[in-house]
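Colleague: Hey, I'm about to look at this one for the first time. Can you put it up and walk me through it?

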Amino acid sequence: MRRIRSTIILIVILGLILTTFTSGLAAAKDSINVAVGSPPQTMNPHGSDSDANLGIMANIFEGLLYRDIEGHLVPGLATSYERLDDLTWRFTLRQGVKFHNGNDFTWEDVKYTFNRLKEPYPVSEFLAFGGSIESVEMVDGDPWTIDVKTRISVPYFADNLHQVFIMDKESTESRSIGDIGQNPIGTGPYKFAEWVKGSYLKLTANEDYWGEVPPIKNAEITPITEPSTRLAAIVSGQVDILQDVPVELFDTVAGHEDVEVVTIPARRAIYLGLGNKKGSPTSDIRVRKAMYMAIDEEEIIEKVMFGHAFPAAQIPDEPTVGYDSSIRRFPYDPERAKVLLAEAGYADGFKITLTGPNDRYVRDAQICEAVAKQLSKVGIEVELDTKPKAVFFPEVDEHILDFYLIGWFDGTYDFGRSFTKLIHSVEEGYGGLNGSDYSDATLDKLLEESEEIIDPAERAAKLQLLNRIAMEEKIAAITLHYQEDAYAVYKGRGVEFTPRADTWILFREISINE
């Protein structure tokens, strides 16, 4: 019956789609149209640090380094780099690169960009990273060799440079922040053509690109947020690729003869953050453990996520430095949870508010509802407070939440950076996404010790220790699952597409073989 209902909805919406999509890009041999769920918010490459925005900016801009489709760090605008000591990084810059306006790429653009990161929003959402940079200088008068010094040890500094995009100093200085946010000028394989916010973004191939000129000459990104409308767009062939196939419509999409569904385990972990303010129920480790054991994650995966998720015992995923395969989830055991609550003095439970977004992660509001229902079975009364991400994330930034749902994957593949942002006590440069103001001196000290370690293997071991203690002893967060990334590809045009682990859509990596 559900399949019949879905088919009827599809037929109705398909007719609307065929009359409302007018770009026609999907019909041209060297053109492509990709539908995304999260539209870009700005063309300022530092104005949003969301993966949705960064993935689009990576077509127009480039960093000193680049991550290939498998996530490996490779040369970008720098051809090589080395770490000289705990504070100094040396880069050899690529020569012969031009910005889209014809200006030459120079070391001064790097210095300008790194200084720009320190300016507050709307200029930059990379304040912590920018604030860690002390200086950028030429080495022995060579404009193609620079030393970057950091104020403190930042072991993952180079690992983050694929998403710190270099801007043209001359043109950026002469333009308003409004113009910068509307008309981007980068060095990347695609040039900006047109953007109607919320409707579409059009790019054209950079025929003067320093690397291989991409075969796809025209690319369009079409934001479509409503699940059934997105489904109709891909089955009609009006878009070539659909990012984030809705899990509730997965079987319908996968069963369509003109569509191929491609899935990979996502890097993003969905977890519950909770505070530990003195005197609060969640300051007691027994309460934290009880809440963990009262949540049936297998049920959430089966009934809420329709089987399209994977249980998570920790925040970092396997490729991330600091991931520890020995960490296990606490078992689902509501009876044991009741005992722990009684031991902590909460035999009759307590009240708590669970806050979360309702438009950011796959079925985020429904996950919150399921968690609330499961916790109620052990006596914990949960008041739900789900809201648009535009309202939710400012509250995270203010560290005012008691209990909240959030997702994370680390673009630097480094748990040290993750811990710095998510769990470390809130202070300058730390705890930016620690929404509940959680604080633990033991964990903070372990992170700080890891920052002084130069040897990668030794540092990885220290981060694994930090991870184990945070997840198993402190229960600094209650992890739920890793999402699944699902894409639909229209078969009729011979699109060759391999998903990236970071969810970015890079048109240079896509080809059409009609």
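Modeller: Sure, and keep in mind that this is a predicted model. Let's start with helix H3, which is mostly covered, with seven of its ten residues buried.

Colleague: Which residues of H3 are buried?

Modeller: They are Trp107, Asp109, Val110, Tyr112, Thr113, Phe114 and Arg116.

Colleague: And what covers the buried residues of H3?

Modeller: A mix of strands and helices. The cover includes strands S5 (88-93), S6 (133-139) and S7 (142-150). Helices H4, H5 (169-173) and H6 (177-180) are also among what covers those residues.

Colleague: OK, moving along the chain. Where does proline 122 lie?

Modeller: Proline 122 sits in the loop between H3 and H4. The peptide bond leading into it from tyrosine 121 is cis, with omega near 15°.

Colleague: Why point that out?

Modeller: Because most peptide bonds are trans.

Colleague: Fair enough. Where is glutamate 125 found?

Modeller: Glutamate 125 is also in a loop, the one between helix H3 (107-116) and helix H4 (127-131).

Colleague: Is glutamate 125 buried or exposed?

Modeller: Somewhere in between: glutamate 125 counts as partly exposed because its relative accessibility is 33%.

Colleague: And which residues form the negative surface patch?

Modeller: Glu125 is one of them, and Asp49, Asp397 and Glu398 form the patch with it.

Colleague: Let's switch to backbone angles. What is phi for histidine 399?

Modeller: Phi of histidine 399 is near 60°, so a positive value in a residue that isn't glycine. Histidine 399 is in the loop between helix H13 (389-398) and strand S16 (403-408).

Colleague: What about phi of aspartate 437?

Modeller: Aspartate 437 has a positive phi too, about 60°, and it isn't a glycine either. Its place is the loop between helix H14 (415-422) and helix H15 (441-451).

Colleague: Why do you flag positive values at all?

Modeller: Because most residues other than glycine have a negative phi.

Colleague: Got it. How does aspartate 437 count, by its relative accessibility?

Modeller: At 32% relative accessibility, aspartate 437 counts as partly exposed.

Colleague: New topic: how many salt bridges does the count come to?

Modeller: The count comes to 24 salt bridges. Take the one between arginine 268 and aspartate 51, where the closest N and O atoms are 3.0 Å apart. That pair links distant parts of the chain, with arginine 268 in strand S12 (residues 259-274) and aspartate 51 in helix H2 (residues 51-60), 217 residues apart.

Colleague: Are arginine 268 and aspartate 51 buried or exposed?

Modeller: Both are buried. For aspartate 51, the reason is a relative accessibility of 16%, since buried means under 20%.

Colleague: What else does aspartate 51 pair with?

Modeller: Arginine 360, in a salt bridge at 3.0 Å from N to O. Arginine 360 lies in the loop between strand S14 (351-357) and helix H12 (364-376) while aspartate 51 is in helix H2, so this pair ties together parts that are 309 residues apart in sequence.

Colleague: Got another salt bridge to show me?

Modeller: Yes, arginine 286 and aspartate 284 meet in one, at 2.8 Å from N to O. Arginine 286 is partly exposed, with a relative accessible area of 32%, whereas aspartate 284 is buried at 17%.

Colleague: And which residues do shared partners join into one network?

Modeller: Asp51, Arg268 and Arg360 are joined that way, through salt bridges that share partners.

How values were computed
Residues are numbered from 1 along each chain as its sequence is written. This is a predicted model: local features need pLDDT of at least 70, side-chain atom pairs count only at pLDDT 80 or more; totals for chains, interfaces and linings use all residues. Side-chain values use heavy atoms; hydrogens and water are left out. Patches are made of residues with over 30% relative accessible area and no salt bridge: like charges are joined within 9 Å, nonpolar side chains (Val, Leu, Ile, Met, Phe, Trp, Tyr) within 5 Å. Accessible areas come from the Shrake-Rupley method with a 1.4 Å probe; for residues, only the protein chains shown count as cover. A salt bridge is a side-chain nitrogen of Lys or Arg within 4 Å of a carboxyl oxygen of Asp or Glu. Lys and Arg count as positive and Asp and Glu as negative; His and the chain ends are not counted. The place of a charge is taken as NZ of Lys, CZ of Arg, CG of Asp or CD of Glu. Helices (H or I, at least four residues) and strands (E, at least two) are DSSP runs, numbered from the N terminus. Buried means under 20% relative accessible area, exposed over 50%, partly exposed in between (1.4 Å probe, protein chains only). Contact means heavy atoms within 4.5 Å.
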